[in-house]
Structure formats: C-alpha cells, structure tokens
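Grab a pencil and work through these short exercises on how helices and strands sit against each other. Try each task before you read its solution.

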Amino acid sequence: MAIRRAQALLSISKFKTSFVLGSYTRFHRFSSSSSQHSTQFQNVGFIGLGNMGSRMVNNLVKAGFNVTVHDINRDVMKMFTEMGVSARETPYEVAQDSQVVITMLPSSSHVMDVYTGTNGLLHGDNAIRPALLIDSSTIDPQTTRKISLAVSHCNLKDKRDNWEKPVMLDAPVSGGVLAAEAATLTFMVGGPKDAYLAARPILESMGRTSIYCGGSGNGSAAKICNNLAMAVSMLGTSEALALGQSLGLSATTLTDVLNTSSGRCWSSDKYNPVPGVMEGVPSSRDYDGGFASKLMAKDLNLAAASAEEVGHKSALISKAQEIYKKMCEDGHETKDFSCVFRHFYNGKDEV
C-alpha cells in the first residue's frame, strides 16, 4: 500500500540532500507550452481553508477551475458548498476528484498528516490520481524533501501524455492575507522545473509573481530565509524608531529620513510599525490582522532548526527567536509581528 511505502520512506531521516536534489533532474519531461498548460489541469483540490487558503480558493474559482476543498473546520466547508464549491470529508477523497491538489496548512506535522496519515493523499494502493501536488505551507525544507521523495515513488492512476509519475512542488507564498485576497501573492517554488512551468497558470490565478528556486525544498528554504530577513528588518526598524523617539525625533520625521536614506526597507516604507505614521497597515488598527507574532515565532523556529541542521552560525535568528517568544508569552501572539515596536521597545504612537 502506498501509505505504508510512504511512511517507510519518510522514516529515512538521514538521506543525502545532494541525492534528493539530483534525482529531480531525471523526472520525465513535460511540455512547457503556456497555451497547453492553460487547459492541462482543470480539476484542482485544495486542502486548508484558513485566512490564506480560503482566499486562494476564491481566486481559483474566479479563474474558472473546478475546485474541490477539504478542511477540518466544517463551518468553513459549509460556506464553500453554499457557494457551489464541492467539498469532501478527507484529503484522500479530494485526491480522487483532482488532477492537482494544493495544500495550505499551519505546520510541518499538519502537512505530513495530510499526505501520509489515515485517509491522506497517499492513502490506498501505490497509484494516486493527482499528477501534481503543490504544498504552499511554510514548513522546513527537510520535511518537504522527505514527502517529495515519497510522492516520487508512487505511480499515476491516469497517465497523461508524457506525465508518467506524480510530482510534488513546494510553493510557499509571501504577501499575506491582503495579497491572497487580491491574487497578488509571490510564490517561491521548488521542485522539477518542468512541473513548475506546468503549474504556472494555476499559480498565476492566485498570485502576481512566481520565482523558480531550484530543486525540492528550495521554495521552503527561500520562504524561511525571506521571513528571517523580514523579522530582523522589523526589529531593526522598530528599535531605530523607538530610539529616535527617545532622542526627541518624531517617528514621522525619522521615517522620512529612513525612506530617503540607506536605512530604507520594507518595514519602514511599506509596513511601518508606528501607529499614526502610515494608513492601511496593522499598526494603524492596533496591530490587528496582518502576520501574527506566533506565526513569526514559528517561522524563526524553522529557520533555527534548518540552520542547525547545516551547521550555519546564526546569531540574529537566536535573538529574533528570543524576542518573538517573549511577545507570545506576554499575550501578543495574535497581534501582527510589527507590534514589537509597542510591546517590546515601548515605542509611542504618533500623535
């Protein structure tokens, strides 16, 4: 049975990364014509209907795909069925109706369970129906590579042209809820390049940009590195703005200086953490919405674990971890991660 074979493969925790990455260059080649891709896959399954996933599904439906969904939250599934979207009780049932399945889940353990758990995507015999499995969750690259290896040992129930084996892509996103709503997400994609090209029309229905990052796990690695940089830049910007206030500068004035000088960054000119400086960002609404501090803490933990696995010295990861752990312990875990300005650095609102 595929589930047993997958679990056996997943138990191999110390395989060589170079072997895994190299293996993807030997997958069957697929046609890369965008006109063919626009109609190659029409039946798309989607698992994980949270703040991000529900909005991504809406955009898939708008783009004309036949979407089948699953979530452990029955209320959200009911909401979609009332909109005319098909829903199924298990990931396995979603897979039976889908040529492509996308997952958008909270953690590595959730993704592992959806793929290899009871009634998971790989449940049943050694043949599965979806040709393409896309995980847009933010998880560690090691887990991505293990699951991708398990998928590569399955066969397709319905072979399509030159597509003889199922393929997994890791395609985490950047942009948050607003970008998910507006279909302007950025996808960071790892896996076989031809599979990425085949998936692009699907990704383009949910996002504005997709960047091919290389072999399996590289999309996950890029997302972790991006969020590390985002955390560190937010901490640096918040510290500078709070220090400026203590030295007699208004946050608006110092923001103007930063944004016309070498200190300019996304945290200063697009996502300013000082309440009263910028409209339309979480700091303007008491840090509600946006990217929760608990999610930043989770991503920093992933970065720390990945750095440790490859023996990389990462002093800033450790400090950022410490700060966001304290933010969560102090009761701010659901507030946007920019709230460090107020709750860690004791910065003041701009009047």
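**Exercise 1.** In which sense, left-handed or right-handed, does α11 pass α15?

Solution. Bear in mind that this is a predicted model. Start by finding the two helices: α11 covers residues 218–246, and α15 covers residues 315–329. Next, look at how they cross: α11 passes α15 in a left-handed crossing. Then check the geometry, where the packing angle is about 70° and the axes are 10 Å apart. Angles from 65 to 115 degrees count as roughly perpendicular, so α11 is roughly perpendicular to α15.

Now for the residues that touch. From α11 come L228, A231, V232, M234 and L235, and they meet L316, I317, A320, I323 and Y324 of α15. Sort them by class and you get 10 nonpolar residues, with no polar and no charged ones.

**Exercise 2.** Work out how α8 is oriented relative to α11, and what their contact is made of.

Solution. First, place α8 at residues 141–152. It packs against α11 at an angle of about 165°, with the axes 8 Å apart. The cut-off for roughly antiparallel is over 145 degrees, so α8 runs roughly antiparallel to α11. As for handedness, α8 passes α11 in a right-handed crossing.

Who makes the contact? On the α8 side you'll find P141, T144 and R145, and on the α11 side N218, S220, A221 and I224. The class count here is 3 nonpolar, 3 polar and 1 charged.

**Exercise 3.** Stay with α8, but turn to its packing with α7, and find the angle between them.

Solution. Helix α7 spans residues 108–116, and its angle with α8 is about 10°, with axes 10 Å apart. Anything under 35 degrees counts as roughly parallel, so that is how α7 and α8 lie to each other. On to the side of the contact that α7 supplies: S108, V111, M112 and Y115, which meet T143, I147 and V151 of α8. Split by class, this contact has 5 nonpolar and 2 polar residues, and no charged ones.

**Exercise 4.** Trace the path from β10 to β11 and describe how the two strands pair.

Solution. Begin at β10, residues 185–190, and end at β11, residues 207–214. Along with these strands, helix α10 (residues 193–204) completes a right-handed β-α-β unit. The strands pair in the parallel sense, over 6 bridges. For one partnership to look up in the model, take L185, whose bridge partner in β11 is G207.

Technical notes: Residues numbered from 1 in each chain as written. Predicted model: local features only at pLDDT ≥ 70, side-chain atom pairs only at ≥ 80, totals over all residues. Heavy atoms only, no water. Axes fitted to C-alpha atoms, helices over the stretch in contact; angles between N-to-C directions. Helix = DSSP H or I, 4+ residues; strand = E, 2+ residues; numbered from the N terminus. Left-handed = near helix turned anticlockwise from the far one by under 90°. Contact = heavy atoms within 4.5 Å. Nonpolar A, V, L, I, M, F, W, Y, C, P; charged D, E, K, R; others polar. Pairing = 2+ DSSP bridges. Right-handed = clockwise from strand over helix to strand, strands pointing away.
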